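Here is a quick walk through one protein model, from the whole chain down to single side chains. Have the viewer open as you read.

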Amino acid sequence: MSSMNILLDRNRAFAENFDGADLPILPKMRSVIVACGDSRVDPAHILGLELGDAVVIRNNGGRVTPAVIDEIAALAFIVKQMDGDEPGPFELILLQHTQCGAERFADPGVQSALKEQLGVDVSQVAITNHEASLHGDIERLRMAPEIPGYIVVSAFIYDMKSGGIREVVAPIALAD
Ligand SMILES: [Zn+2]
């Protein structure tokens, strides 16, 4: 049985009890979570997200890349339009995890092989130290003129061994 058939079966079961047709487009928690694409760290599971709770952006390492900055800027723009004169809160949660594949991208040999063989530059997503890269990602957000300063950012590391998350940066407005 292919993976797609398994997934189709699961979706049939999901659709049978579906009651999310009227969920509003703005997430209930008014939050965007940036997380790694690793199959073991799905925020829906580890943070118990329900449908409609939060926007989740996932990539290699859960890093703030130029593409992620564009996505957040576009989302913030739409949210502001919907809020009108009274802009509500907008939270950004950065979530990295131990034993991340992006740590392998820090290997200079892997980095140069990817660049030479595939033309892929992973230098911006490589992780050598989770705390440092989370602080670096917040700095990337602060330096991006298209990201509004009222967005509140926080940063966490998920521990693959315990299943718990640890706060690295407490919630703070980007402008502060
Ligand atoms: Zn990862």
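## Overall picture

Among contacts in the protein chain with a separation of 6 or more, 64% link residues 24 or more positions apart. Keep in mind that this is a predicted model. The chain has 176 residues, and 35% of them count as buried. Its C-alpha atoms fill a box of roughly 50 × 50 × 35 Å along the principal axes.

As for secondary structure, there are 5 helices and 5 strands. Going along the sequence, they come in the pattern α-β-α-β-α-β-α-α-β-β.

## The zinc site

Which protein atoms serve as donors of the zinc ion? They are SG of Cys36, NE2 of His97 and SG of Cys100, and they lie 2.0 to 2.2 Å from the ion. Along the chain, the donors follow the spacing C-x60-H-x2-C. Both His97 and Cys100 are buried.

His97 also ties in with helix α5, where His130 has its place. The side chain of His130 reaches the backbone oxygen of His97 at 3.1 Å. Setting aside neighbours within four places in sequence, His130 is in contact with Gln96, His97, Thr98, Cys100, Glu103 and Ile157. So two of the zinc donors, His97 and Cys100, turn up among the contacts of His130. With a relative accessible area of 10%, His130 falls under the 20% cut-off, so it counts as buried.

## Helix α5

Helix α5 runs over residues 130-143, which makes 14 residues. From its first C-alpha to its last it reaches 20 Å, close to the 20 Å expected at 1.5 Å a residue. Where it starts, a side-chain oxygen of Asn129 comes to within 3.0 Å of the backbone nitrogen of Glu131.

Which residues of α5 are buried? The list is His130, Ser133, Leu134, Asp137, Ile138 and Leu141. They sit on the same side of α5 because they cover an arc of only 145° around the axis. An α-helix has 3.6 residues a turn, so residues three or four places apart point the same way. The cover over the buried residues of α5 includes α3 (66-83) along with the strands β3 (91-97), β4 (152-158) and β5 (165-173).

## Both ends of α4

Helix α4 spans residues 108-118, and Asp107 caps its N-terminal end. The cap has a side-chain oxygen of Asp107 lying 2.7 Å from the backbone nitrogen of Gly109. Just after α4 comes Gly119, with a positive phi of about 70°.

## One aromatic pair

How many aromatic pairs does a search of the whole structure find? It turns up 1. The partners are Phe14 and Phe18, with 5.6 Å from centre to centre and 50° between the planes, which makes the pair tilted. Phe14 is partly exposed, at a relative accessible area of 43%, and Phe18 is partly exposed too, at 41%.

## The start of the chain

Met1 sits in the segment before α1 (3-16). Is Met1 buried or exposed? Its relative accessible area is 75%, over the 50% cut-off, so Met1 is exposed. Leaving out neighbours within four places in sequence, Met1 is in contact with Ile6 and Asp9. As for distance across the model, the C-alpha atoms of Met1 and Gly163 are separated by 31 Å, with the two positions 162 residues apart along the chain.

Methods: Residues are numbered from 1 along each chain as its sequence is written. This is a predicted model: local features need pLDDT of at least 70, side-chain atom pairs count only at pLDDT 80 or more; totals for chains, interfaces and linings use all residues. Side-chain values use heavy atoms; hydrogens and water are left out. Helices (H or I, at least four residues) and strands (E, at least two) are DSSP runs, numbered from the N terminus. The expected span of a helix is 1.5 Å times one less than its number of residues. Buried means under 20% relative accessible area, exposed over 50%, partly exposed in between (1.4 Å probe, protein chains only). The arc is that of the directions from the helix axis to the C-beta atoms. Contact means heavy atoms within 4.5 Å. A polar contact is a pair of N or O atoms within 3.5 Å; within protein, one must be able to donate a hydrogen and the other to accept it, and residues adjacent in sequence count only if both atoms are side-chain atoms. Rings of Phe, Tyr and Trp (its six-membered ring) pair if their centres lie within 6.5 Å; planes under 30 degrees apart count as stacked, over 60 as edge-to-face and the rest as tilted. Donors are N, O and S atoms within 2.8 Å of the metal (3.2 Å for Na, K and Ca); water is not among the atoms, so sites may look incomplete.
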